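This report covers pockets and backbone geometry. Please look over the structure first.

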Amino acid sequence: MSTHFFGLKDWTFDYSHSIGRNEFAGTGFRNPVDLALGADDVIYVLNRSSEYRIDGLRITVCTMDEQYISSFGSYGEEDGQMIWPTSIALDGQGNVYVADEWLNRVTVFDKDGEFLSKWGEAGSGDGQLNGPAGLAISGDGTLFLSDSRNHRVQRFALDGQYKGQFGSHGTGQGQLDMPWGIALDKDGNVFVADWRNDRVQQFTADGKYLATYGGQHGSAVGQFNRPSDVAVDQDGTVYIADRQNDRVQIMAPDGRFITELRGNHVLSPWGREKMLSNPDMIRQRSMAIAHDGGDYEKLFRHPCAVAVDDQYRIVVIDHTSGRLQVYQKNKEPVLV
């Protein structure tokens, strides 16, 4: 629990519920890597699956209260297919954009999953891609893309027209080393999960360096171990998926540490349905809980993506566990 001292803005962040279970198809997720929050509480979850079961590669569409809607996408190089998808984003019309680091392209679907277009080509020149890993779309229709193995952020129009770039390979201010997740705040500033530099950097929309969060490889407060994603809410609070530390760190706009989320999973309806259909799974779960008090089930295992909506609901992809954990930011400070 966070507290409020001397005018500093801290809030509580309470676990709400979980969504999903590990599944190769239907009502669940398989190695989910990113998510996008749409209108009417709809969530698009990007599933990368695994090399030996490519049938789990898809986009699952469900709601915040775990109502299954549909799924679309499949493995391959044809229109509407994917091989190594990394990131998903929505534009103002609800169209869905998916980055693929193997195919070095962005594929565009409508909100119902119908293929619309694709763009991108491999290379290191202006507008070319080498491992696109993160997407964010601004209100004016600019797409910001983490071009991971080119160690830069590029800007595109929604049809793929190149608009500019910033960043270069290195460890200095404004430099990047395999950037991954990317997010925009309400003022249009760009936050980049600088993966191999173990930090998040903040830039203006045109690439001027503003600030750094973290920067030390470690597990102490304010340190990171391969941060893979970042989100920013309307108050400027920053949420960082600290993947290899199995946590989400929450930072104030000025970089001050507020708190961390470690995971509080409780079985979702989908999860309960699966358990009730398989007595062996119930026995195995009971044995695991008896062994560690339920920590293995409850805690994050490689949280790789985080998003926050306008109701201050924080949704975290619990990657290895194949689920989402949802938290609520309470804006009234607590007096202790």
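A residue is called partly exposed when its relative accessible area lies between the limits for buried, under 20%, and exposed, over 50%. This structure is a predicted model.

**Positive phi angles**

Asp 41 sits in the loop between S2 and S3. Its phi is positive, about 65°, although Asp 41 is not a glycine. Its relative accessible area is 32%, so Asp 41 counts as partly exposed. Arg 226 lies in the loop between strand S19 (209-214) and S20. Arg 226 is not a glycine, yet has a positive phi of about 60°. Arg 226 is also partly exposed, because its relative accessibility is 21%.

**Pockets**

| Pocket | Volume | Nonpolar | Polar | Charged |
|---|---|---|---|---|
| Largest | about 1100 Å³ | 27 residues | 10 residues | 11 residues |
| Second largest | about 510 Å³ | 6 residues | 7 residues | 8 residues |

The largest pocket has a volume of about 1100 Å³. It is lined by 48 residues, and the closest to its centre are Ala 36, Leu 37, Leu 184, Ala 307 and Val 308. Several strands each give at least two residues to this lining, among them S2 (32-37), S3 (42-47), S16 (179-184), S20 (227-232) and S24 (303-308).

The second largest pocket has a volume of about 510 Å³. Of its 21 lining residues, Met 275, Met 281, Glu 297, Arg 301 and Arg 323 are the closest to its centre. Helices H1 (269-276), H2 (279-292) and H3 (295-298) each supply at least two lining residues here. Which helix gives the largest share of this lining? H2 does, with 6 residues.

How values were computed:
Residues are numbered from 1 along each chain as its sequence is written. This is a predicted model: local features need pLDDT of at least 70, side-chain atom pairs count only at pLDDT 80 or more; totals for chains, interfaces and linings use all residues. Side-chain values use heavy atoms; hydrogens and water are left out. On a 1 Å grid over the protein atoms alone, a cavity is a set of points where a 1.4 Å probe fits but cannot get out, and a pocket is an open set with protein on both sides within 12 Å along at least five of seven lines; lining residues have an atom within 4 Å of a point. Grid points are joined across faces, edges and corners, and a volume is the space filled by probe spheres set on the points. Helices (H or I, at least four residues) and strands (E, at least two) are DSSP runs, numbered from the N terminus. Ala, Val, Leu, Ile, Met, Phe, Trp, Tyr, Cys and Pro count as nonpolar, Asp, Glu, Lys and Arg as charged, and the others, Gly among them, as polar. Buried means under 20% relative accessible area, exposed over 50%, partly exposed in between (1.4 Å probe, protein chains only).
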